[in-house]
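Reader: I have a new structure to read and I would like to go through it step by step. Can you show it to me?

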Amino acid sequence: MLFAKNESNQIVSAQHAQRKAFYICPYCRSQVILKSGAVTIPHFAHLKKRNIACNNVETIEHHDVKYMIASHFKETGHHVQIEPFIKKCHQYPDLIINHKFAIELQFSKITIQNIKKRSQGLISCGLKVIWITKGIQYNDKTKILKLNKYERTYIDVLNQQLFVWDSATMQLFKYHIIQFLGGSNYIALREIVDYQLIDDLFKRNLPEIEFKNLKLTSQAIQQYLKRCRSSHSVLQPSLSVIYNYRLSESWVCSHLGIVYPEQLYIQSHPVYWQLQLIKMIRTQDTDTEQLSKVFKFNQFYAYEVDAFDIACTLFKKFKNSYRLMGCNDVQN
Ligand SMILES: [Zn+2]
């Protein structure tokens, strides 16, 4: 670990520690010793390795990163509290900056329900909350960020951003989530967090880039259809619409897979839900109960998606697009 407590209970980084001084682990309070050599960077190690809860690599990293981020905020002139007890909600957030910003680090998996509950608790105490996670896949060339259904919970969806700790470079990154593309793919731009500008972390400052009329490529749609076919069932919901309305694959590829901005809230694949809406439009079975069953929604830590409102908006938008598709299948 990179931080320990000295005899006066102050947090000291291994870089500034003295070889003969006495240090304890701030987590389990057992004695740690300073290690530094020609090859290894200065760090603390527990003197006794047996029965120590923080031998867990994840716990130690969580702890190190928390102190590292805390010291960055302190160095840039902010007021920092580490694991303060918030009486009103009975919670210990990892960090509170300037008495109003709560930062939670989560490097191990907890339930989505737990993430939402902890966020709600802090928000109800008047704090603004962000979460920092780690181990997210990103390709800087294609700008594709991969997020599974769990990792999406950490998106600050109103501000369209996500904070990720990079263990390799020991840097905190902010990802601007531009758009969801179906599957686990997002378009995102990333930047290194500037600790001085803390207010910026909690507000929307998307880069001036507009992604208009996004549509999945034919190749991506063919891949999706291939996955559907691998279920070997005509009852597969996307294929069933394609067969029943005799849509050709080339028609589906050139017209469907439209990515509306609202897709950010939706887990269902764009081709899937657009086919289901075609079925509803064709059968004129457009009651709202039916409509809300079409979409599966993502979950976010501090935002309750208005499922009904989004479903209606998308139905309207898609219906207009569908009209413009004109002669739309083999049948016509
Ligand atoms: Zn310890």
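Reader: What distance separates the centres of domain 1 and domain 2, taken over C-alpha atoms?

Author: This is a predicted model. The chain is divided into domain 1 (3-53), domain 2 (60-201) and domain 3 (214-324). For domain 1 and domain 2, the separation of the centres, taken over C-alpha atoms, is 26 Å.

Reader: How many residues does each of these two domains give to the contact?

Author: The contact draws on domain 1 and on domain 2. From domain 1 it takes 4 residues, and from domain 2 it takes 4 residues.

Reader: What percentage of the residues of the chain count as buried?

Author: A residue is buried if 20 or more other C-beta atoms lie within 10 Å of its own. The chain has 332 residues. It holds 9 helices and 16 strands. Of its residues, the part that counts as buried is 30%.

Reader: Which strands are the edge strands of the open sheet?

Author: The open sheet has 9 strands, in the order β6-β7-β8-β9-β12-β13-β14-β11-β10, with mixed pairing. An edge strand here pairs on one side only. That description fits β6 (80-82) and β10 (137-139).

Reader: By what angle are neighbouring strands of this sheet turned against each other on average?

Author: Direction is ignored for this angle. The average turn between neighbouring strands of the sheet is 35°.

Reader: Which residue is the bridge partner of Leu105 in β9?

Author: Strands of a sheet pair through backbone hydrogen bonds, either parallel or antiparallel. Here β8 and β9 run parallel and are joined by 5 bridges. Within β9, the partner of Leu105 is Ile132.

Reader: Which strands does helix α1 touch as it packs on the sheet?

Author: Helix α1 covers residues 57-75. Its direction makes about 165° with that of β6. The strands it touches are β6, β7 (95-97), β8, β12 and β13.

Reader: How many residues of strand β12 are buried?

Author: Strand β12 takes in residues 161-166 and is mostly covered. It runs parallel to β9, with 3 bridges between the two. Its buried count is 5 of 6 residues.

Reader: Which residue in β13 is the bridge partner of Trp165?

Author: Trp165 lies in β12, and Lys134 stands opposite it. β12 also pairs with strand β13 (residues 171-180), in the antiparallel sense, over 6 bridges. In β13, the partner of Trp165 is Leu172.

Reader: Which residue takes a positive phi in the hairpin of β12 and β13?

Author: This hairpin has 4 residues between the strands. The phi in question is near 55°. The residue is Met170.

Reader: Why do the buried residues of α2 line one face of the helix?

Author: The buried residues of α2 are Ile115, Arg118, Ser119 and Leu122. Look down the axis of α2: these residues line one face because they fall within an arc of 100°.

Reader: Which residues are exposed on the other side of α2?

Author: What covers the buried residues of α2 includes β8 (101-105) and β9 (128-134). The other side of the helix has exposed residues. They are Gln113 and Ser124.

Reader: Which residue with a positive phi follows α2?

Author: Helix α2 spans residues 112-124, 13 in number. From first C-alpha to last it reaches 18 Å, close to the 18 Å expected. The residue that follows has a phi near 85°, and it is Gly126.

Key
Residues numbered from 1 in each chain as written. Predicted model: local features only at pLDDT ≥ 70, side-chain atom pairs only at ≥ 80, totals over all residues. Expected span 1.5 Å × (residues − 1). Buried ≥ 20, exposed ≤ 12 C-beta atoms within 10 Å, placed from the backbone. Arc of directions from axis to C-beta. Contact = placed C-beta atoms within 7 Å. Pairing = 2+ DSSP bridges. Axes fitted to C-alpha atoms, helices over the stretch in contact; angles between N-to-C directions. Domains from an automatic or database assignment.
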